[in-house]
Amino acid sequence: MARTFPPEITMGMDEPCRFDIEVFDLEVVEGTVPADIDGLFVQAVPDQVYVPEVPVLWPMTTAAGGDGAVRAFRIKDGCVDFRTRYVRTERFLLEREARRSLYGNYRDPYSDDPSVAGASRTTANTAIYFHAGRMLASKEDGLPYEIDPVTLETRGVWDAHGDITSLTFTAHPKFDSDTGEMFGFGYAAKGETTRDIAYYVIDASGKVIHETWFEAPYSAMIHDCALTENFMLFPVMPITSDLDRLKAGGPHFVYDGDLPQVFGVIPRFGDASEVRWFQAPPAFPGHTINAYEEDGVIVFDLYEADGNGFAPVVPDKNGRPTPPGSVTTRHVRWHIDYHTGEERLTEREVLAVVNGEGPHIDPHRESKPYRHVFVPTLDRDKLETDVNGRPYPVMFNQLSHFDLVAGTRDDWYPGPAATFQDPVYFTKSPESAEDDGYLIATLNWPTEKRSELVILDTLDLASGPVARLRLPVRMRLGIHSTWIDGALVPSWR
């Protein structure tokens, strides 16, 4: 490679790894891997292979624009094997053939090399999910790629036998554990910055059984969604896209703090005429936690920031900086009556102050009442600084458990200058109590350029890991993680 990566990419948690490797039988350096764990811990990772050749490198390109890699830990019989492998997207293969970057900034086709005009831009780098016997890697700007759950080799683009005609598909579909159905959507479904949303219901065999198209109130990111017994919800984020800005060389998304929160609601098998857009006072809706129905009213829980929740990577529309540590994240509950004539929401509860993101609950409680939430959080009082007084590159420095009924929380803090990647949570068995499970995460020590895998018993979270495993290489910061039960994937031997 003739070019070197700039400091914006190499001096923080986003420094690329740039390898496909496997490590058989990871070294357990503390405790014991519980013998009852059987499954696959997988994470999607944006990992730049080549240096983007652009005059201005937008922070979102560094944080979320990299080539997708699948990082997987197969845990079984008290042992852990590890593999990571790039997704062979069309984009990855074109750049490998050229031995240089051909694609420009995040979701900006106008910054690309002319030779890739019309080719897919997606990197499949945001999340991984399992449906209809397929493991899928996805980024919300394109269709997912199917990945072999053993070898991590790429099997190709998945479009439900050609029935998904949207150009995009969410990285956060929702699932009905009773029917096996998947509920997903694509925003910007007819191309970047368009308002089009394509909504799909896909049955347990992978066949599209419902499709409808409608338009969002404005062009903006819709990163996550929520599912109840009868409805699908689409929280529109106040970070908007604009075609003229993109053509002029500006960033794809900017934060507009004047916009209200907007939640689209459609019956599970509804059409465009049945979509309703509910509004709430301005705030930044983050990831959804859960949604269910109670006495005919939708109970919708999500994380809400009181400012630009993507401040490090998405600029304010007026160029105003967001001071570090000035945004607080809360667990918020909205009550939405789909059948009422009123579309302004007022029934809001704050269940907890979190300062974290990426919530996880017992998958058996999705679309149902629930009590326990597990999430990586940031305790700003425990941030360490280097000799120049600068905070170490830490995103979340503890793992936390919130009991919504008792109103309590437990934390595990691993020590100075450590940062967690997205964990997974699952119960020890389908019959276990909602909070009786395991929390597994990759833990980075940025100043030491090393990573490890930690496994915690959530009944005693504050005591720390029951097992700690050494990784012989540093793990670049990934995005979302998923747990796939061992009954669904083969052993690796």
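Buried here means under 20% relative accessible area, and exposed means over 50%. Everything shown below comes from a predicted model.

**View 1. Four annotated histidines that gather at one spot.** The UniProt record, an unreviewed entry, puts the annotation "binding site" on His172, His223, His287 and His480. They span 309 residues in sequence, yet no two of their C-alpha atoms are more than 12.1 Å apart, so they come together in one place.

**View 2. His223 and what it touches.** Buried or exposed, then, for His223? His223 has a relative accessibility of 9%, and that is under 20%, so it counts as buried. This residue sits in the loop that links strand E13 (208-215) to strand E14 (226-227). Leaving out residues up to four places away in sequence, His223 is in contact with Thr126, Glu140, Thr170, Met237 and three histidines, His172, His287 and His480. Those three histidines carry the "binding site" annotation in the UniProt record too.

**View 3. Strand E6, tucked inside.** Which residues of E6 point which way? Ala127, Tyr129 and His131 point to one side, Ile128 and Phe130 point to the other, and all of them are buried. In a regular strand, side chains take turns between the two faces of the sheet. With 5 of the 5 residues of E6 buried, the rest of the structure largely encloses this strand.

**View 4. The hairpin of E6 and E7.** E6 runs antiparallel to strand E7 (residues 134-138), and 5 bridges join the two. To find your place along the pair, look for Tyr129, which stands opposite Leu136 in E7. The hairpin has 2 residues between its strands, and Ala132 takes a positive phi near 55° there. Most residues other than glycine have a negative phi.

**View 5. The open sheet E6-E7-E8-E9.** Zooming out from the hairpin, you get an open sheet of 4 strands with antiparallel pairing, in the order E6-E7-E8-E9. Strand E6 (127-131) and strand E9 (154-157) are the edge strands, each pairing on one side only. From one strand to the next, the twist averages 30°. At the other end from E6, strand E8 (residues 145-147) and E9 run antiparallel, joined by 3 bridges. Ile147 faces Thr154 in E9.

**View 6. A second open sheet, E20-E21-E22-E23.** This one also has 4 strands and antiparallel pairing. Which strands stand at the edges? They are strand E20 (284-294) and strand E23 (348-353); each has a single partner strand, so one side of each has no neighbour in the sheet. Neighbouring strands here are turned by 20° against each other on average, ignoring direction. Inside the sheet, strand E21 (residues 297-305) pairs with strand E22 (residues 329-336) over 8 bridges, in the antiparallel sense. Ala305 and Thr329 in E22 stand opposite each other. In general, strands of a sheet pair through backbone hydrogen bonds.

**View 7. Helix H3 and its buried face.** Arg91, Phe92 and Glu95 are buried in helix H3 (residues 90-98). Look down the axis of H3 and its buried residues fall within an arc of 100°, so they line one face of the helix. What do the buried residues of H3 pack against? Their partner is strand E5 (79-86). Just after the helix comes Arg99, with a positive phi of about 60°.

**View 8. Two loop residues with positive phi, Arg99 and His161.** Arg99 is not a glycine, yet its phi is positive, about 60°. Its place is in the loop between H3 and E6, and at 66% relative accessibility Arg99 counts as exposed. His161 is also not a glycine, and its phi too is positive, about 60°. His161 lies in the loop between E9 and strand E10 (174-175). With a relative accessibility of 59%, His161 counts as exposed.

**View 9. Cys17 and Cys225, both buried.** Cys225 has 0% relative accessibility and counts as buried. Cys17 counts as buried as well, at 15%. How many disulfides are there? With the rule that two cysteine sulfur atoms must be within 2.5 Å, the count comes to 0.

Definitions and conventions:
Residues are numbered from 1 along each chain as its sequence is written. This is a predicted model: local features need pLDDT of at least 70, side-chain atom pairs count only at pLDDT 80 or more; totals for chains, interfaces and linings use all residues. Side-chain values use heavy atoms; hydrogens and water are left out. Two strands pair if DSSP finds at least two bridges between them. Axes are lines fitted to C-alpha atoms, for helices over the stretch in contact, and angles run from 0 to 180 degrees between N-to-C directions. Buried means under 20% relative accessible area, exposed over 50%, partly exposed in between (1.4 Å probe, protein chains only). The arc is that of the directions from the helix axis to the C-beta atoms. Contact means heavy atoms within 4.5 Å. UniProt positions are given in the numbering used here, feature names are shortened, and annotations may be inferred rather than shown by experiment.
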